[in-house]
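Please open the model in a viewer and keep the selection panel at hand. The tour proceeds from one selection to the next and describes what is found at each stop.

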Amino acid sequence: MEKRRAIYPGSFDPVTYGHIDLVRRALLLFDEIIIVVAINAGKNALFTIEERVDFMKRVFKNTRGVKIDSLEGLTVNYARKVKARTILRGLRATSDFDYEFQMALTNRRLSKEVDTVFLVPSEDHFYLSSRLIKEIAMLKGDIEDFVPTFVAKRIRQIYGETSKSV
Ligand code: ADP
């Protein structure tokens with residue numbers, strides 16, 4: 001039988017516990033998840049594509065069923081190439097709705113064989129975003145609760161030491 005394969009595209013700049021939570025949930029539904037880190041020229045990323053891929057590889061190095069790749073170009077073309085019928089995305093608070101629906105419907109226009117599946121993270125991660133973490137770090141706040149330790153360490157190298165929250 002063909003593998004149920006989903007691709008999970010995103011900037012992942014950097015990976016957070018929200019992204020990780022989503023992949024763990026998706027592993028219960030799919031045989032294989034390919035995380036595709038987008039080389040997004042439009043977005044000003046803090047981390048290079050190599051570093052963002054490396055973070056993901058470290059997070060999932062012992063997890064069966066997860067692969068990591070990078071992507072420049074259209075998500076639906078990539079899905080076709082790897083024979084995935086599903087694009088996985090996360091839905092957080094209402095702020096994600098407009099953008100995610102627009103993209104899901106556009107992708108369906110571009111490729112009828114591919115559908116988007118949305119998963120909702122645990123309540124603990126509902127408001128978490130890579131952007132928020134960078135803002136907290138910039139203001140020297142503690143980010144240990146939101147990203148893996150090695151990612152937090154790397155962020156501190158960029159923004160300087162953070163103060164523990166009270
Ligand atoms: P984008 O692809 O828009 O640059 P990200 O790389 O931050 O965004 O996220 C990739 C996907 O993961 C998006 O579908 C986003 O909604 C989802 N996501 C991000 N953070 C969370 C979270 N805390 N919980 C659930 N889904 C999330």
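Select Lys67: this residue is partly exposed, with a relative accessible area of 45%, where buried means under 20% relative accessible area, exposed over 50% and partly exposed in between (1.4 Å probe, protein chains only). The model is predicted, so local features need pLDDT of at least 70 and side-chain atom pairs count only at pLDDT 80 or more, while totals for chains, interfaces and linings use all residues. Residues are numbered from 1 along each chain as its sequence is written, and side-chain values use heavy atoms, with hydrogens and water left out.

**Stop 1: the partner of Lys67**

Add Glu32 to the selection. Glu32 forms a salt bridge with Lys67, and their closest N and O atoms are 3.6 Å apart. A salt bridge here is a side-chain nitrogen of Lys or Arg within 4 Å of a carboxyl oxygen of Asp or Glu. Because Glu32 lies in strand β2 (residues 32-38) and Lys67 in strand β3 (residues 66-71), the pair ties together parts that are 35 residues apart in sequence. Helices (H or I, at least four residues) and strands (E, at least two) are DSSP runs, numbered from the N terminus. Glu32 is buried, with a relative accessible area of 5%. Now extend the selection to Lys3 and Arg5: a network of salt bridges links Lys3, Arg5, Glu32 and Lys67.

**Stop 2: two further salt bridges**

The structure holds 12 salt bridges. Side chains of opposite charge can pair when their charged atoms come close.

Select Arg154 and Glu51, which form a salt bridge with closest N and O atoms 2.3 Å apart. This pair links distant parts of the chain, since Arg154 is in helix α6 (residues 149-159) and Glu51 in helix α2 (residues 49-59), 103 residues apart. Arg154 is partly exposed at a relative accessible area of 25%, whereas Glu51 counts as buried at 19% relative accessibility.

Next, move to Asp21 and Arg25. Their salt bridge has closest N and O atoms 2.6 Å apart. Both residues lie in helix α1 (residues 17-26), four residues apart, about one turn of the helix. Asp21 counts as buried at 12% relative accessibility, and Arg25 is partly exposed with a relative accessible area of 33%.

**Stop 3: the cis peptide bond and Ser130**

Which peptide bond is cis, with omega near 0°? Select Asp13 and Pro14: the bond from Asp13 to Pro14 has this geometry. Pro14 lies in the loop between β1 (5-10) and α1.

From here, add Ser130, which is placed in helix α5 (residues 130-138). Not counting residues up to four places away in sequence, Ser130 touches Asp13, Pro14, Thr16 and His19; contact means heavy atoms within 4.5 Å. Ser130 is buried, with a relative accessible area of 13%.

**Stop 4: positive phi values**

Select Lys83, in the loop between α3 (75-81) and β4 (86-90). Lys83 is not a glycine, yet its phi is positive, at about 60°. With 59% relative accessibility, Lys83 counts as exposed.

Then select Lys140, in the loop between α5 and α6. Phi of Lys140 is near 65°, again a positive value in a residue other than glycine. Lys140 counts as partly exposed at 37% relative accessibility.

**Stop 5: Glu161**

Keep Lys140 displayed and add Glu161, which is found in the segment after α6. Leaving aside its neighbours within four places in sequence, Glu161 is in contact with Lys140 and Arg156. Glu161 is exposed, with a relative accessible area of 60%. Add Met138 as well: the C-alpha atoms of Glu161 and Met138 are separated by 9.7 Å, and these residues are 23 apart along the chain.

**Stop 6: the whole chain**

Finally, clear the selection and display the chain as a cartoon. How many helices and strands are in the chain? There are six helices and five strands, and along the sequence they follow the pattern β-α-β-α-β-α-β-α-β-α-α. The C-alpha trace spans about 50 × 35 × 30 Å along its principal axes. Of the 166 residues, 48% count as buried. Among contacts between residues at least 6 apart in sequence, 72% join residues at least 24 apart.
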